[in-house]
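Biologist: Thanks for sitting down with me over this one. Could you take me through it by question and answer?

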Amino acid sequence: MNLKPETTEKIDKLVPRYPTKRSAALPLCHLVQEDQGYLSNEAIEWIAQRLELEPINIQEIVTFYPMLRTEPTGKYHVRVCRTLPCALAGAYQTCHRLEKELNVEVGHTSEDGLVTLEYVECHADCGRAPVVMVGEEEYTDIDPDKAGELAAKMKSGELSDGMPD
Ligand code: FES
């Protein structure tokens, strides 16, 4: 698997810090996902081999933690906070509007690969709920109408994908 040299370096430093190789599995999953964008079967097998574990041991971790992905994300990675303050401020309605406008079901990537829509937990900006992240950009006070505007900007390509260059 082709990892960036800096990722390989981080992994080589990280693994010996743990008392058992197994305890390095979750941080390794994060590092590889950060490098590759998601955890493919190849990546899962690579991590298992690196830690002298079975792929099923890594698979269990990947399926347990919702922030670990086994599929590439769309151009726009949209995450709607659904923790109580955002939920009370209408996060579910916001998300339904995004689903409708972007033709994607929450938890999935749209067929055209434009958008991955997910729920996440608190972003620590509850005073400006509902909060929506697009890549690493945060959008606040996103009611359904504003969600419609965000969706239109994604469809037209006008919105930055929020990812660092
Ligand atoms: S509950 Fe959504 S930002 Fe805190």
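Biologist: Which helix and strands each supply at least two residues of the lining of the largest pocket?

Modeller: Happy to start there, with the reminder that this is a predicted model. The largest pocket holds about 1,000 Å³ of space, and its lining counts 32 residues. Those nearest its centre are Q33, M67, R69, H77 and E118. The elements that each supply at least two lining residues are α2 (25-36), β1, β2 (108-109) and β3.

Biologist: Let's stay with β1, then. Which of its residues point one way, and which the other?

Modeller: In a regular strand, side chains alternate between the two faces of the sheet. Here β1 covers residues 76-81, and six of its six residues are buried. H77, R79 and C81 point to one side, and the other side has Y76, V78 and V80.

Biologist: Nice. Which residues stand opposite V80 in β3 and in β4?

Modeller: β1 pairs with β3 (residues 115-120) in the parallel sense, over six bridges. With β4 (residues 132-134), β1 runs antiparallel and is joined by three bridges. The partner of V80 in β3 is Y119, and in β4 the residue opposite V80 is V132.

Biologist: Why is β3 called largely enclosed?

Modeller: β3 is largely enclosed by the rest of the structure because five of its six residues are buried. One of its strand neighbours is β2, joined to β3 by two antiparallel bridges. The count behind the word "enclosed" is five of the six residues.

Biologist: And within the β2 and β3 hairpin, which residue takes a positive phi?

Modeller: T109 has T116 as its bridge partner in β3. Between the two strands of the hairpin there are five residues. The residue with a positive phi, near 75°, is G113.

Biologist: Where does V78 fit in? Which residues have the most contacts inside the largest nonpolar core?

Modeller: This core has 23 residues, and β1, α6 (91-102), β3, β4 and α7 (144-156) each supply at least two of them. Beyond its neighbours within four places in sequence, V78 is in contact with residues including L98, V115, L117, V132 and M154. Another core, of 21 residues, lies apart from it, with A25, L39, I47 and L51 among its members. Back in the largest core, the residues with the most contacts are Y76, V78, L98, V115, L117 and M154.

Biologist: R79 caught my eye. Is it buried or exposed, and which backbone oxygen does its side chain reach?

Modeller: R79 sits in strand β1. Its relative accessible area is 16%, and the cut-off is under 20%, so R79 counts as buried. Leaving out residues up to four places away in sequence, R79 touches E118, V120, V131, V132, M133, G135 and E136. Its side chain reaches, at 2.6 Å, the backbone oxygen of G135.

Biologist: One last residue, T70. How does its accessibility class come out?

Modeller: T70 lies in the loop between α4 (55-64) and β1. Not counting residues up to four places away in sequence, T70 touches Y38, L39 and V62. Its relative accessibility is 42%, so T70 counts as partly exposed.

Biologist: What separates the C-alpha atoms of T70 and K21?

Modeller: Along the chain, T70 and K21 are 49 residues apart. In space, their C-alpha atoms are separated by 22 Å.

Conventions. Residues numbered from 1 in each chain as written. Predicted model: local features only at pLDDT ≥ 70, side-chain atom pairs only at ≥ 80, totals over all residues. Heavy atoms only, no water. Buried < 20%, exposed > 50% of the residue type's maximum accessible area, 1.4 Å probe, protein only. Helix = DSSP H or I, 4+ residues; strand = E, 2+ residues; numbered from the N terminus. Pairing = 2+ DSSP bridges. Core = buried A, V, L, I, M, F, W, Y, C linked by side-chain atoms within 4.5 Å. Contact = heavy atoms within 4.5 Å. Polar contact = N/O pair within 3.5 Å; in protein donor to acceptor, adjacent residues only side chain to side chain. 1 Å grid on protein atoms, 1.4 Å probe; cavity = no way out; pocket = protein on both sides within 12 Å on 5 of 7 lines; lining within 4 Å. Points joined across faces, edges and corners; volume = space filled by probe spheres on them.
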